[in-house]
Amino acid sequence: MMKKKSISASKASLVLFLCHMISALDVPLDSKLLEELSQPPTITQQSPKDYIVDPRENIVIQCEAKGKPPPSFSWTRNGTHFDIDKDPQVIMKPNSGTLVINIMNGGKAEAYEGVYQCTARNERGAAISNNIVIRPSRSPLWTKERLEPNQVREGDSLVLHCRPPVGLPPPIIFWMDNAFQKLPQNERVSQGLNGDLYFSNVQPEDTREDYICYARFNHTQTIQQKQPISVKVFSKKPVTERQPVLLTPTGSTSTKVELRGNVLLLECIAAGLPTPVIRWIKEGGELPANRTSFENFKKTLKIIDISEADSGNYKCIARNTLGSAHHVISVTVKAAPYWITAPRNLVLSPGEDGTLICRANGNPKPSISWLANGVPIAIAPEDPSRKVDGDTIIFSHVQERSSAVYQCNASNEYGYLLANAFINVLAEPPRILTPANKLYQVIADSPALLDCAYFGSPKPEIEWFKGVKGSILRGNEYVFHDNGTLEIPVAQKDSSGTYTCVARNELGKIQNEVQLEVKDPTMIIKQPEYKVIQRYGQVSFECIIKHDSTLLPVIIWLKDSDELPDDERFLVGKDNLIIMNVTDKDDGTYTCIVNTTLDSVSASAVLTVVAAPPTPAIIYARPNPPFDLELTGQLERSVELSWIPGDENNSPITNFVIEFEDGLHEPGVWHYQTEVPGTQTTVQLKLSPYVNYSFRVIAVNEIGRSQPSEPSEQYLTKSASPDENPANVQGIGSEPDNLVITWESLKGFQSNGPGLQYKVSWRQKDVDDEWTSVIVANVSKYIVSGTPTFVPYQIKVQALNDLGYAPEPSEVIGHSGEDLPMVAPGNVQVHVINSTLAKVHWDPVPLKTVRGHLQGYKVYYWKVQSLSRRSRRHVEKKILTFRGNKTFGMLPGLEPYSSYKLNVRVVNGKGEGPASPDKVFKTPEGVPSSPSFLKITNPTLDSLTLEWGSPTHPNGVLTSYILKFQPINNTHELGPLVEIRIPANESSLILKNLNYSTRYKFYFNAQTSVGSGNQITEEAVTIMDEAMASRQVDIATQGWFIGLMCAVALLILILLIVCFIRRNKGGKYPVKEKEDAHADPEIQPMKEDDGTFGEYSDAEDHKPLKKGSRTPSDRTVKKEDSDDSLVDYGEGVNGQFNEDGSFIGQYSGKKEKEPAEGNESSEAPSPVNAMNSFV
């Protein structure tokens, strides 16, 4: 087994080096050839340069290499040889250079700190790995300190220091309270890059005693906690507002050095009241659009994948309503070495020349050094064919002994690059890889390509001959390709024959023969022709061909470029297609295609179907039922049934359907037995034992089925042992410790006799156990208890009756019961694709931990909070299920600029396994929704006030609002469009310098850094000029107008007094007079027995109350009663009641509906209108 693995590895590594080869020498990817060629070692896998290990687990330092012959491995530690055999805690994997240091059985990880390097060596050279620095991770405890309570005035700034312990790697810092809930952060309160918690200004709600800083060390999966910090905020009114002051960084300037390719993080946190807003600019340039983002409420500028072009001065500006502060950070981008041209493997023949080039760049410029087989080239063995010229090694007239592995090291103060590249000098006699006597067949007048795949070192020369003793082929009628292929551009019949390929170099010569046969082309000598045919007629298309006698043609017919309909009316002959009883749907294009192994030809014709001449109407109907059924030739397992057909009713009988009844087991139930063509009136029927048969026949034509015939006489067959066993045998556990065996019971006529039972047998698969059997009654289930969880079982169920057993049943594989999966998927990763879509990956769980049939994986994900609002809400978890052993999936419908959590669970037939640790991911910003409202108030002659609400879904950090507006004239034409950009923190605006008495249309939307959201529109009108307004106001202030209003008011008051006096005196009023004249039997003025009074209304229409208007004794009012209430007779909903419940609204008709408030009307309010409405 190990030998096969080595051969496969050799093939793969050789393919790898061929991909990086710089030479005219080509090595074909022939498996046999690859196994024979030598190759220097190539490092294929190694541990990272900076390798931080878990001190509780074994240390695995990887080093894998390939070569021919297979390489041996050795290690150095801290620059000296590392003798693995002398350390019992260290082992090297077989056929590998990977070291395993046993820490879990007594070893100390600290004892194995150091710099390790692996060397892979064979007879052709030595390759070395990077310097691998091994360091165990550390998670030290917090140093004990006494923390004094922080007492601070409202509005002042505050910094809570975290100062976590120094770990390896550095810990992740976060702030929580005693209840392990994350402390809310916003533009005012946020965590800095150093882990400290900054308050731009404190508020009374910041008072608490459990500000706790946590440090999470991921390598060791531990969390350290700092002592709780107490903050008490004293309120002092009034609170003094302050202009911004930077809390970090301090001073006006600072510097930062970052490496090329890294992420640049710049931070500015400011104090001030109101809370300052941070803005970033790059002096003398623009921030890179596709690589820039803002974090921590714009307090952190993040630029990914930086380069030297990102060097420069970055200014942060903190601003509030009282002023601003700024800080300039001078960024210098340095660079660890990176490749311009990495050295590539070189394969040469003896005597050839070549070069290895190693070019790298960095800041500062890296130095280049060479090693040969892991040894500095200055002290390596001399090679007269080698010359070092800076970043280039020049090879001249190489020999086999020149084979070696060279290492290029490019280094500066920020790091190094190490690359292995070998020179492999091969001296090989020619080989021809094309099989001998290979046969090539082509069609005349087409190209012929004869292969001669070869290899040799030096590169062989190729010559072609025709015939065994023919002369060398030359001339324009042949093309000779570099890979040895001979091309005959236009092959003729006389081109057939034997061709010889000869390959030779200075180490030898070899030849190979191939055969060429040139065939006659296939032709259609009589093509199908255009046809017009009447409906229900017959048509024939011809397709007569001529072909090479040695080729076997295949003819295919198509209709409208698709297969022919599956219809017996289509008859395909040797050289024609016949369509019988043509219908309208047969109209179309018919194509004849002739295929051989070498060529293909085709021809087409169109069929047009036209209507047939009219014929007398014929009545078609279903056939009459067959009659006179007779049973003859009765045997134990068969009988012959015959019948006489009924009338066809002008539609030929296509077939007869035979059904049977089992009078013994299922009387009255008819089952399908068989069917025969319509020309047949007898049939031999197969029978089952122990069944009391009756038969009937049904005739079928194109119209439908006839009624069933009368039943035949009954025929009872003899009993026998069962012929078949139960179907659909399954073994599925319902509990982790059982196996439920089920099957489909045999039907009555399948039992073949009385006393039907089942023999159920089972045994565990792949375990040398005997069968366990039990005989059960005529049931369909048996439960085996006490089984191990989810193991395979061999199961069989055999039928038996009083006469014996059925044949030996076939075995099926079932499984005992499933249990919940044991482990959660690991390595859950989330890749955010855009603001609403993410892709999640996970590693599949080992199948043995599934403990059941793997059904798939479920991804639970939910929104934690919106990053723009920081407001928590009810968590609604969503679930996506991915079937099978899938290890990734898409999460659609995410909300932009939000924080999400997810976990993954494996699912089997029993249920879900444990959840993976929650994975947090964030979606980027999107465009916002439209503002929640836009109101236009306070119209004046030349101004309007606009008020708006922020978008319901900001989908990011709002950068500004865009207001566009334009006037509309009386013909609804639009004027010029004006655009205004408004800061995001504004919620109102006064537009001035507008035209008086003019309608304006407004378009309003919000923006984030991603773009603009949907807009809302509104219209409003400025008021008319002062002259017209004054004229209208003057009308309302005239003396005659005031006198008229007073007279009307006095008249109404007198009428009210008169009505009030008349009511108190009990005199008649219109309703009572009307009742006296037209007594209503439904209304009783007074009843002696219950003391109730009749009710009256003083409505102007003198309408009496309806029957249902009297209040019942239980003081309730029905719905239908309340529809005709006092509201209808008083002042609508404005009527009032006294404390005792009596109605005191004015007795008058309903008021007209009051005019709606608001600014729907485009006209200004007028006192004249008000007067008209009053009168």
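1. In this protein, 64% of the contacts with a separation of 6 or more are between residues 24 or more positions apart. The structure discussed here is a predicted model, and the points below should be read in that light.

2. As to secondary structure, the protein holds 85 strands and 7 helices. Of its 1175 residues, 39% are buried. The accessible surface amounts to about 65,200 Å², and carbon and sulfur atoms contribute 51% of that surface.

3. One open sheet has 4 strands in the order S75-S74-S77-S78, and the pairing is antiparallel. Its edge strands are S75, covering residues 878-883, and S78, covering residues 919-922; each of these two pairs on one side only. From one strand to the next, the twist in this sheet averages 25°.

4. Within that 4-stranded sheet, the contact between S77 and S78 can be specified further. Strand S77 spans residues 898-907 and pairs with S78 in the antiparallel sense over 4 bridges. Lysine 901 has valine 920, in S78, as its bridge partner.

5. A further open sheet consists of 5 strands, ordered S48-S56-S55-S51-S52, and its pairing is mixed. Here the edges are formed by strand S48 (531-534) and strand S52 (562-563), each of which pairs on one side only.

6. Which strand does S51 join through 6 bridges? The partner is strand S55, residues 588-595, and the two run antiparallel; S51 itself comprises residues 554-559. At the level of single residues, isoleucine 555 has valine 594 of S55 as its bridge partner.

7. Helix H4 covers residues 1039-1065 and includes isoleucine 1054. Is this residue buried, partly exposed or exposed? Isoleucine 1054 counts as partly exposed because its relative accessible area is 45%, a value between the 20% limit for buried residues and the 50% limit for exposed ones.

8. Isoleucine 1054 also belongs to a nonpolar surface patch of about 670 Å². The other residues of the patch are Leu1050, Leu1053, Ile1057, Val1058, Phe1060 and Ile1061. Membership of a patch requires over 30% relative accessible area, and the 45% computed for isoleucine 1054 is given in the preceding point.

9. For inspection of the model, the following places illustrate the points above: the pair lysine 901 and valine 920, the pair isoleucine 555 and valine 594, and isoleucine 1054 in helix H4.

Definitions and conventions:
Residues are numbered from 1 along each chain as its sequence is written. This is a predicted model: local features need pLDDT of at least 70, side-chain atom pairs count only at pLDDT 80 or more; totals for chains, interfaces and linings use all residues. Side-chain values use heavy atoms; hydrogens and water are left out. Patches are made of residues with over 30% relative accessible area and no salt bridge: like charges are joined within 9 Å, nonpolar side chains (Val, Leu, Ile, Met, Phe, Trp, Tyr) within 5 Å. Accessible areas come from the Shrake-Rupley method with a 1.4 Å probe; for residues, only the protein chains shown count as cover. A salt bridge is a side-chain nitrogen of Lys or Arg within 4 Å of a carboxyl oxygen of Asp or Glu. Buried means under 20% relative accessible area, exposed over 50%, partly exposed in between (1.4 Å probe, protein chains only). Two strands pair if DSSP finds at least two bridges between them. Axes are lines fitted to C-alpha atoms, for helices over the stretch in contact, and angles run from 0 to 180 degrees between N-to-C directions. Contact means heavy atoms within 4.5 Å.
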